[in-house]
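Please look through the sequence and the structure below before reading on. The report that follows takes up a few parts in turn and ends with a short recap.

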Amino acid sequence: MNLPEDALNQTNTHAELAQDHINNDRLQEAIAALARFGGRADGGVARETLTAIDLASRRYLIEQARALGCEVSIDDCANLFFRRPGNRPELPSVLTGSHGDTQPVGGKLDGAYGVLAGLEVIAALNDAGITTERAIDVVAWTNEEGSRFGPGAMGSSAYVESSRLAQYRTARDADGIFFGDALDNALAEVTDVPRRTMPQPHAACIELHIEQGPVLERAAIALGVVTGIQSVRWFTVTCTGTAAHAGTTPMDERGDAMAAAVGVAQQLYQQASRESVHQLRLTLGRWQVGPNSINTIPGRVSFSVDMRCGDEAVVERFEHTLRALLHNATWRGSMSVERIFMRPPTRFPESMLTLIEQGCTRAGNAAPLRLTSGAFHDAMYLAEHCPTAMIFVPSKNGISHNAAEATDPHDLFLGVQALAYAVTALASR
Ligand code: GLV
Ligand code: MN
Ligand code: MN
């Protein structure tokens, strides 16, 4: 976008003013307040998507946003939008935010930080007395984590392609509850919030997030410009044998689904270590055992497979490896595999990276680091929809999806300053 010099100067001034009005105390208080919804004695947060505690936290966010003067709306996937209007309602808005849900036990920051950062940017603009040309929408996406209902990033992916929602509604959690029913329940809780259509056009989208890995901390750099997101695929493997008595059934006559599953798992880990030069990451995170009794041979075992790599060809090869292992397994039972999620690598546009770099450099008084995201994020779907990018701040010991997840408060502050600069610059154009 080419702007006349006066407009350019004003864009820069507004971006700088917004950045300088970020209030660190208010930000830290907001993080602590949201973490009370699902807060645990060990410092972690348990707020899986669309649970009662998640719904309570959504109500809290709605009230906070209304107090800042935002227009609140919600879409058919219960994604919550907090809008600060601009001077020109006919222009597409600038979108920022992240997700409010957590892993079964997560930290205070994964997702929550990006949502609260967006609200802090709005508070800073209010304090600075700036009205931007474009509206700013802060979003809290539904079910980014994918731990209760698979796949992950449901809200953002349904937002950019609403036909996905019908399939998502049929997903069930471990108690057999349908995502569709949990969604209807969530929507029924907020009848005071107007419904909005999805998708809507956006001029750009920026998601601020903790890195959740060790790269920034090891480089001793406070701010990261995320160039893209690595490829990910999820599967469910199911081994079906014969449940039988643990004491009486001879070892060589068993259809032991656990023995079969463990055998496949071990071979997968071995194959994964052969791909370590390509940084392939393999996680077998969820196991379900039937009948799950100490003295019955497991008749059915299913486990999840999460594979990720920056190189899509490696993930493709590893999927073939998985399928071949299952096909060649010989035992008194059967094995099946279902792919439940796949996403190729995401690359964010250079124009967005350059702008974010400016915001980070001014906030941190130093050049930020460019890096690829190991975790997936809602931004990976928004990248299909509008120019999108992400900012990272370091994670202590690189740890996340864990109660011990933490980031130095000053780094959190710098991240929001960088976000304020970039969002305000975009909304002023
Ligand atoms: C998101 O939580 C991911 O699994 O990358
Ligand atoms: Mn996240
Ligand atoms: Mn997460």
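## A strand and its two partners

How many of the five residues of strand 2 (residues 80-84) are buried? The model is a predicted one, and in this model four of the five are buried, so strand 2 is largely enclosed by the rest of the structure.

Strand 2 has a partner in strand 1 (residues 71-74), to which it is joined by four bridges in an antiparallel arrangement. Within this pairing, glutamate 71 stands opposite arginine 83 of strand 2. The two strands form a hairpin with five residues between them, and in the turn alanine 78 has a positive phi of about 60°. Strand 2 is also joined to strand 4 (residues 136-141), again antiparallel, through five bridges, and here phenylalanine 82 has valine 138 of strand 4 as its bridge partner.

## The manganese ion called ligand 2

Which protein residues supply the donors of the manganese ion (ligand 2)? They are His99 and His209, each through NE2, together with Asp110 through OD, and they lie 2.0 to 2.2 Å from the ion. Along the sequence these donor residues follow the spacing H-x10-D-x98-H. Histidine 99 belongs to strand 3 (residues 93-99) and histidine 209 to strand 5 (residues 202-210), so this pair ties together parts that are 110 residues apart in sequence.

Are these two histidines buried or exposed? A residue counts as buried when its relative accessible area is under 20%. Histidine 99 has a value of 0% and is therefore buried, and histidine 209, at 1%, counts as buried too.

## The manganese ion called ligand 3

The manganese ion (ligand 3) is coordinated by Asp110 through OD, by Glu145 through OE, which is listed twice, and by His401 through NE2, at 2.1 to 2.4 Å. In sequence, its donor residues are spaced D-x34-E-x255-H. Glutamate 145 lies in the loop between strand 4 and helix 5 (154-160), while histidine 401 lies in the loop between strand 16 (388-393) and helix 13 (409-427), so the pair ties together parts that are 256 residues apart in sequence. Glutamate 145 is buried, with a relative accessible area of 6%, whereas histidine 401, with 42%, is partly exposed.

How far apart are the two manganese ions, and which residue coordinates both? The manganese ion (ligand 2) and the manganese ion (ligand 3) are 3.7 Å apart, and aspartate 110 coordinates both of them.

## The surroundings of ligand 1

Ligand 1 is surrounded by Glu144, Glu145, Arg308, Ala375, Phe376 and His401. In this shell two residues are nonpolar, one is polar and three are charged. Glutamate 145 and histidine 401, which are among the residues around ligand 1, are also donors of the manganese ion (ligand 3).

Oxygen atoms of ligand 1 take part in several short distances to the protein. One is 2.9 Å from an N or O atom in the side chain of glutamate 145, one lies 2.8 Å from a backbone N or O atom of phenylalanine 376, and one is 3.2 Å from an N or O atom in the side chain of histidine 401. Ligand 1 has 200 Å² of accessible area on its own, and the protein covers 93% of this area.

## Strand 6 and its three partners

Strand 6 (residues 224-229) is mostly covered, since five of its six residues are buried. With strand 15 (residues 369-373) strand 6 pairs in the parallel sense over five bridges, and glycine 224 stands opposite leucine 369 of strand 15.

The pairing of strand 6 with strand 16 is antiparallel and runs over three bridges, with isoleucine 391 of strand 16 as the bridge partner of valine 225. Strand 6 also pairs with strand 14 (residues 346-347) in the antiparallel sense, over two bridges, and there arginine 347 is the bridge partner of glycine 228.

## A residue in strand 9

Threonine 283 is found in strand 9 (residues 281-283), and at 42% relative accessibility it counts as partly exposed. Threonine 283 and alanine 204 are 79 residues apart in sequence and, C-alpha to C-alpha, 33 Å apart in space.

## Recap

Aspartate 110 coordinates both manganese ions, and glutamate 145 is a donor of the manganese ion (ligand 3) as well as one of the residues around ligand 1.

How values were computed: Residues are numbered from 1 along each chain as its sequence is written. Chains are lettered from A and ligands numbered from 1 in the order in which they are written. This is a predicted model: local features need pLDDT of at least 70, side-chain atom pairs count only at pLDDT 80 or more; totals for chains, interfaces and linings use all residues. Side-chain values use heavy atoms; hydrogens and water are left out. Donors are N, O and S atoms within 2.8 Å of the metal (3.2 Å for Na, K and Ca); water is not among the atoms, so sites may look incomplete. Buried means under 20% relative accessible area, exposed over 50%, partly exposed in between (1.4 Å probe, protein chains only). A residue is near a molecule or strand if one of its heavy atoms lies within 4 Å of it. A polar contact is a pair of N or O atoms within 3.5 Å; within protein, one must be able to donate a hydrogen and the other to accept it, and residues adjacent in sequence count only if both atoms are side-chain atoms. Accessible areas come from the Shrake-Rupley method with a 1.4 Å probe; for residues, only the protein chains shown count as cover. Ala, Val, Leu, Ile, Met, Phe, Trp, Tyr, Cys and Pro count as nonpolar, Asp, Glu, Lys and Arg as charged, and the others, Gly among them, as polar. Two strands pair if DSSP finds at least two bridges between them.
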